[in-house]
Amino acid sequence: MLTTPERIAFLLLALASLLLTLRGVRLIVRAIGRGYGRPSWGVFLRRVIPVSLDILLQRPIFRTRPLVSLLHAGVFFAFVFYGLVNVLDLLEGFNGYSTLHASGVASAYNLVADLLSVAALLGMLGLLLRRFGLRPFRFNRAVFLLPSVRFGISRDSAIVGGFILLHVGSRWAGQAVRIAESGRPDWSQPTASLLAALLGGLDAATLAVASHVTWWLALGLILAFLPYFPYSKHIHLFMAPLNLILREEKPLGRLEPPVGNGQVGAARLEELRWYQILDAYACIMCNRCQDVCPAHGTGRALSPAALEINKRYYLNRNLNSFAGGTASPPLLETATSRAAVWSCTTCGACVRICPVGNRPMLDLIDLRRHLVFAGDEIDPNLQTALESLSRYGNSFGKSARQRARWAKDLPFPVKDARKEPVEYLWFVGDFASFDPRMQENTKTVAQLFHQAGLDFGILYEDEWNSGNDVRRVGEEGLFELLVEHNLAALGKARFRAIVTTDPHSYNALRNEYSALGLDVPVYHYTELLAELLERGQLQPSKRLQAVATYHDPCYLGRYNRITAAPRRVIRALGLELREMPRHGENTYCCGAGGGQIWMDSGGQERPSEQRIREAIALGEDVRYFVVACPKDMAMYSDAVKTTGYEHRLTVIDVARLVAWATGLIELEREAAPVSQS
Amino acid sequence: MTLAVILKQVPDVVEELAIAPSGTDLDRDSVSYVVNEFDEHALEEALLLREATGEDVVVVGVDTTGELDQALYTALAKGAQRAVKLVGDFEGSWLSTRALAGLLAPVIRELSPRLVLTGVQAPDDLDGQLAPTLGALLDWPHTGVVVGTELADGVVRVRKELWGGIMLDLELATPAVLGIQAARATPRYVPVGRVRQAMRESTIEEVEVETPVESAPKLSRLRAPEAAGRAEMLTGSPSDVAERILEILRARGLY
């Protein structure tokens with residue numbers, strides 16, 4: 001029980017604290033409201049229950065780092081339960097209500113509170129030990145950081161960690177004091193009772209003071225912490241669930257068009273969408289996104305974490321003026337750098353891994369849109385590619401009429417889908433059509449389709465680049481131009497479904513074009529091959545006895561979750577599949593996406609080279625590095641040479657393996673370790 | 001004050017060129033056009049000058065292809081202020097450089113620019129006659145092979161390239177006519193959205209001109225290049241290839 005002066009003091013402090021906190025929260029709401037668009041209540045109602053369940057089960061957090069996630073779970077469950085604990089403790093302070101030595105439901109409550117207190121203390125100690133001892137924050141030297149960030153991250157972590165330790169620790173110790181005062185252990189609070197045993201020697205007066213002090217440290221501390229709360233990363237405990245709940249259920253592979261009214265992309269914070277500003281408040285600075293980022297992993301200037309943290313620290317320092325409507329400085333001065341913007345591969349790993357539902361990649365694409373539209377200097381190779389794309393519909397600087405030249409070498413004609421109806425319209429893609437290294441694969445795919453009796457055709461010179469990477473480079477106008485051209489071409493053809501070679505075309509046709517009026521099923525060629533093998537339309541006459549690993553393309557495995565089909569093909573051929581640690585939706589980027597294939601990455605080790613080493617580490621006996629994307633074929637054929645593993649590991653398209661098994665083609669050197677049966 | 005840039009469209013050699021049955025022209029149906037690459041550099045150099053001095057850039061062209069608008073809108077999207085198109089009864093014909101200069105000179109005189117910039121040469125003007133001819137018709141100083149410019153009071157300082165990488169700095173009284181070999185920077189990228197914006201929001205000024213009386217030599221026949229020699233790809237094992245190389249060298253008396 002508190003004394004009357006204590007009660008009055010608490011109430012006055014609570015009032016002041018709440019008013020200050022409310023002011024901070026209102027500023028944050030206004031700051032987020034400066035972004036474009038508004039959250040949808042429909043989305044909220046649809047998602048609030050399932051997503052809340054996900055969060056209660058801690059599923060977004062357990063996606064990676066199991067041990068750290070366990071520590072977090074301890075703190076999280078304690079926090080949820082402490083909502084009740086704090087209310088009951090307030091009652092105890094004000095009118096003496098106590099569950100000490102109670103029985104029934106109250107004793108169950110005591111037990112849960114007692115155990116969760118220890119879980120939270122251990123969890124928090126573990127997290128602090130990790131942050132300050134074992135795995136401190138590290139960014140590549142090239143990463144742009146606001147001056148306040150470097151020190152700020154540690155300070156904020158220390159304050160939040162310290163608050164939780166002190167708050168929970170005092171409550172726990174307070175219970176021990178009360179148990180000691182009662183003179184006998186309360187077995188519904190086992191850990192507090194153990195602590196109480198240590199306090200046994202203290203006299204009644206000391207214990208009475210300790211009881212008051214611990215109460216104030218547990219509950220009074222909340223009042224002191226609350227006004228800081230909106231400026232701390234701890235606010236993630238409201239903003240992260242909100243971010244997850246309010247996120248619309250649309251594919252990651254479908255980008256929003258620019259906001260309109262003449263603005264293309266975003267140069268400043270207020271030119272982003274509302275949820276991109278919310279991202280900064282949801283971020284808990286765990287750095288998981290940076291761990292999986294291929295750009296950061298190869299020493300480049302991009303850290304998705306730094307982007308969000310910079311945004312947050314800019315807002316923290318300028319919340320009053322920003323919420324009040326003042327124009328903010330360019331994001332390239334407060335959040336990230338040009339070098340970072342241009343090193344994103346749009347692999348989507350940061351978005352997939354983020355436990356609080358952030359999408360830093362979208363900010364980078366909006367910045368690219370702005371830079372391209374504003375005429376900022378772009379990589380000369382990228383410029384050449386874009387100019388070629390707008391003129392010829394391909395990035396190779398070749399006449400559109402040469403697109404289907406590879407088909408001339410086939411012993412059978414490939415149907416022209418513009419002239420006769422076909423079941424499958426094969427959207428071949430730029431690399432598969434024009435790159436001389438890839439044309440053999442393309443012919444093989446055509447031969448397999450032909451062998452299986454598939455009714456297919458192509459668009460010949462009317463197929464243009466799908467624009468997937470053009471859109472991600474930020475050249476929205478060119479993307480629109482390519483889409484218009486392709487939709488017109490597709491409109492001239494009659495077909496039931498589309499099949500693509502390139503996962504990037506697949507993503508564009510499936511997710512972007514469908515939002516712009518295309519309504520047909522889209523398949524990746526690996527899906528078709530799997531089905532043709534299983535239906536017996538393709539019959540392997542030889543079995544491949546070798547160990548293979550398979551690289552999931554980002555736009556197939558992560559973006560569109562097509563991970564089973566290529567594996568079904570590999571296994572159907574008799575190959576033993578050994579997975580790399582990063583596979584399926586957690587695949588690692590080859591470094592070519594988001595237009596990087598047209599840019600100069602600048603001499604560091606490439607993600608593709610790291611990936612080859614990852615495959616090599618699987619064992620001496622892994623013979624094939626199987627790919628299902630023409631760009632992967634290009635990237636890894638290079639990487640296997642530059643890393644010097646050319647004679648150990650063969651990079652090969654899954655279609656080539658099928659064609660060998662069905663007797664269509666001969667593999668020369670590649671076939672060496674494979675025995676026929 | 002203004003800077004005039006002359007843009008000319010030429011056949012895109014990425015596409016296969018075919019000769020028309022008449023034998024004296026390309027098959028126009030299969031030709032597509034691009035802006036002469038050196039003219040792109042002339043425009044870029046003008047835009048760089050504009051950024052330094054604030055001059056207006058006017059792009060001028062004679063529409064012999066019926067497709068010049070695209071080139072002019074692109075120039076407007078890149079940052080030119082005005083676009084002037086000369087139209088007349090010559091669509092579908094090739095104008096000689098002299099005829100072209102004759103059509104352009106009065107229009108340019110009327111624009112009274114500080115500087116006229118054009119590409120140093122073009123696929124149909126390999127001698128680089130446009131700048132000198134224009135200079136002569138306008139009676140303005142001129143020079144070619146320019147790789148850098150700087151405007152000063154009443155003069156333009158230009159850097160031009162001589163043989164063997166020797167650079168020459170010149171000063172010409174303005175107005176002057178320059179044949180640009182290369183701009184100081186790579187011609188900039190123009191986003192498609194900007195071109196579409198220019199097509200919506202800008203207008204191209206049209207000037208009717210008389211068809212010039214040709215005094216140039218008459219074209220009698222166009223010929224496709226003949227294959228001079230054939231490359232042979234050597235395949236097989238390294239020793240096979242080496243053997244074959246030796247054979248070839250011996251056959252030619254080189255070994």
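Select helix H16 of chain A, residues 360–373: 13 of its 14 residues are buried, so the helix is mostly covered. The model is a predicted one. From its first C-alpha to its last, H16(A) reaches 20 Å, close to the 20 Å expected at 1.5 Å a residue. Continue along the chain to A:Gly375, which follows H16(A) and has a positive phi, near 80 degrees.

Turn next to the surface and select A:Ile49, A:Leu53, A:Leu56, A:Phe79 and A:Val80. Together these residues make a nonpolar surface patch of about 480 Å². Two elements of chain A give two or more residues to the patch, namely helix H2 (41–56) and helix H3 (66–95). H2(A) gives the most, with three residues. One residue to centre on is A:Ile49, which lies in helix H2 of chain A. Is A:Ile49 buried or exposed? Its relative accessibility is 60%, and because the cut-off for exposed is over 50%, A:Ile49 counts as exposed.

For a contrasting environment, select strand E8 of chain A, residues 622–627. Six of the six residues of E8(A) are buried, so this strand is largely enclosed by the rest of the structure.

Now display the strands that pair with E8(A). Strand E6 of chain A, residues 547–550, is joined to E8(A) by four bridges, and the two run parallel. To locate this pairing, select A:Val547, which stands opposite A:Val622 in E8(A). Strand E9 of chain A, residues 650–653, also pairs with E8(A) in the parallel sense, over four bridges. Here the residues to select are A:Val626 and its bridge partner in E9(A), A:Ile652. Follow the chain from E8(A) through helix H27 of chain A, residues 630–642, to E9(A); this β-α-β crossover is right-handed.

The last stop is an open sheet of five strands in chain A. In what order do its strands stand? The order is E1-E3-E2-E4-E5, with parallel pairing. Select strand E1 (415–416) and strand E5 (522–524) of chain A, which stand at the edges of the sheet. Each has a single partner strand, so one side of each is left without a neighbour in the sheet. At the E1(A) edge, add strand E3 of chain A, residues 456–458, which pairs with E1(A) in the parallel sense over two bridges. Finish with A:Asp416, which stands opposite A:Ile458 in E3(A).

Technical notes:
Residues are numbered from 1 along each chain as its sequence is written. Chains are lettered from A and ligands numbered from 1 in the order in which they are written. This is a predicted model: local features need pLDDT of at least 70, side-chain atom pairs count only at pLDDT 80 or more; totals for chains, interfaces and linings use all residues. Side-chain values use heavy atoms; hydrogens and water are left out. The expected span of a helix is 1.5 Å times one less than its number of residues. Buried means under 20% relative accessible area, exposed over 50%, partly exposed in between (1.4 Å probe, protein chains only). Patches are made of residues with over 30% relative accessible area and no salt bridge: like charges are joined within 9 Å, nonpolar side chains (Val, Leu, Ile, Met, Phe, Trp, Tyr) within 5 Å. Accessible areas come from the Shrake-Rupley method with a 1.4 Å probe; for residues, only the protein chains shown count as cover. A salt bridge is a side-chain nitrogen of Lys or Arg within 4 Å of a carboxyl oxygen of Asp or Glu. Two strands pair if DSSP finds at least two bridges between them. A crossover is right-handed if, with the strands pointing away from the viewer, the path from the first strand over the helix to the second runs clockwise.
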